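Please open the model in your viewer and keep the sequence panel beside it. The tour moves from the whole chain to its sheets and then to single residues, with a selection to make at each stop.

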Amino acid sequence: MHLSRSLLAVSLLAGGLSVLSPTGPALAVGVPGGTITQVSIASDGTPSNGESSNAAISPDGRYTVFVAGGSALRPPGVTPGGYLYLHDSVTGTTELIGRDTTGAPLADAILTPSLSNGARYVSFLSNSTALDPTAPAGVLSAYLLNRDTGDLTRITADVPGNEIGRAHV
């Protein structure tokens with residue numbers, strides 16, 4: 001945790017929000033003049049017992065999205081893996097938001113998430129065809145999740161469904 005405190009001090013001096021991924025399993029968020037708060041926790045307050053990474057904070061500072069592999073956050077019966085979660089620092093709730101087209105939790109397939117103000121929209125990269133069966137296998141695609149409607153859109157596809165920037169053969 002010593003490294004995390006050092007990183008927080010540098011960020012607080014710069015006056016910004018901090019996302020810390022310490023050596024241990026916890027993911028913590030710090031705000032200028034505030035406290036360090038663990039956000040990789042279940043809604044009942046149980047801390048994650050696995051690695052947490054790929055975190056981002058919403059512009060309003062209320063929400064943190066992150067990938068975690070600990071069993072403490074996973075719903076019962078869900079296989080091990082890194083899943084995408086959203087933590088609300090006001091309500092204290094954490095929800096699994098990374099799901100495939102059938103609604104099943106999607107493991108080990110989400111990178112670099114980001115959030116809109118209020119966390120209505122979550123964007124991320126994935127190479128999983130479970131999110132869009134027309135997506136080319138093994139190619140990273142950008143996705144946009146509308147949390148209000150549940151709609152998930154692959155946003156790097158051109159009109160015929162091919163990846164932008166790839167050669168069309």
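Begin with the whole chain and its contacts: in this predicted model, 36% of the contacts between residues at least 6 apart in sequence join residues at least 24 apart. Colour the chain by secondary structure next, and one helix and 11 strands should appear, with the helix leading and the strands following it, in the pattern α-β-β-β-β-β-β-β-β-β-β-β. If you then switch on a surface, its accessible area comes to about 8700 Å², and carbon and sulfur atoms account for 56% of that area. Of the 169 residues in the protein chain, 38% are buried.

**First stop: the sheet E4 to E7**

Select strands E4, E5, E6 and E7, which form an open, antiparallel sheet in the order E4-E5-E6-E7. Its edges are strand E4 (52–57) and strand E7 (94–96), each of which pairs on one side only. From one strand to the next, the twist in this sheet averages 25°.

Narrow the selection to residues 63–68 and 83–88, that is, to strands E5 and E6, which pair in the antiparallel sense over six bridges. Two of the facing positions can be labelled here: Ala 68 stands opposite Tyr 83 in E6, and Val 67 has Leu 84 of E6 as its bridge partner.

Now keep E6 alone and show its side chains. In a regular strand, side chains alternate between the two faces of the sheet. How many of the residues of E6 are buried? Six of its six residues are buried, and the cover extends to both faces, with Tyr 83, Tyr 85 and His 87 on one side and Leu 84, Leu 86 and Asp 88 on the other.

From E6, follow the chain into E7, where the two strands pair in the antiparallel sense over three bridges and where Thr 94 of E7 is the bridge partner of His 87. The hairpin of E6 and E7 has five residues between the strands, and within this hairpin Gly 92 takes a positive phi near 80°.

**Second stop: the loop before E4**

Step back along the sequence and select Ser 48, which lies in the loop between strand E3 (36–38) and E4. Is Ser 48 buried or exposed? Its relative accessibility is 6%, and therefore Ser 48 counts as buried, the cut-off being under 20%. Display its side chain together with the backbone of Gly 50, and you will find that the side chain of Ser 48 reaches the backbone oxygen of Gly 50 at 3.2 Å.

**Third stop: two positive phi values**

Most residues other than glycine have a negative phi. With that in mind, select Asp 108, in the loop between E7 and strand E8 (111–115), where phi is positive, near 55°. Asp 108 is exposed, with a relative accessible area of 60%. Move on to Thr 112, which lies in strand E8 and has a positive phi near 40°; Thr 112 is partly exposed, at a relative accessible area of 47%.

**Fourth stop: the sheet E8 to E11**

Extend the selection from E8 to E9, E10 and E11, an open sheet of four strands in the order E8-E9-E10-E11 with antiparallel pairing. E8 and strand E11 (152–154) stand at the edges with a single partner strand each, so one side of each has no neighbour in the sheet. Neighbouring strands here are turned by 20° against each other on average, direction ignored. For a closer view, take E8 with strand E9 (residues 121–126), which pair in the antiparallel sense over three bridges, and label Leu 111, which stands opposite Leu 125 in E9.

**Last stop: the aromatic pairs**

Finally, show the aromatic rings, among which the count comes to two aromatic pairs. Select Phe 66 and Tyr 85, a stacked pair with 5.8 Å from centre to centre and 25° between the planes. Phe 66 belongs to strand E5 and Tyr 85 to strand E6, 19 residues apart, and both Phe 66 and Tyr 85 are buried. Then turn to Phe 124 and Tyr 143, whose ring centres are 5.8 Å apart and whose planes meet at 20°, so this pair is stacked. Phe 124 lies in strand E9 and Tyr 143 in strand E10 (residues 141–146), so the pair ties together parts that are 19 residues apart in sequence. Phe 124 and Tyr 143 are both buried.

Note on methods:
Residues numbered from 1 in each chain as written. Predicted model: local features only at pLDDT ≥ 70, side-chain atom pairs only at ≥ 80, totals over all residues. Heavy atoms only, no water. Buried < 20%, exposed > 50% of the residue type's maximum accessible area, 1.4 Å probe, protein only. Contact = heavy atoms within 4.5 Å. Areas by Shrake-Rupley, 256 points an atom, 1.4 Å probe, with all protein chains shown as cover. Pairing = 2+ DSSP bridges. Axes fitted to C-alpha atoms, helices over the stretch in contact; angles between N-to-C directions. Polar contact = N/O pair within 3.5 Å; in protein donor to acceptor, adjacent residues only side chain to side chain. Phe/Tyr/Trp six-rings, centres within 6.5 Å; stacked < 30°, edge-to-face > 60°.
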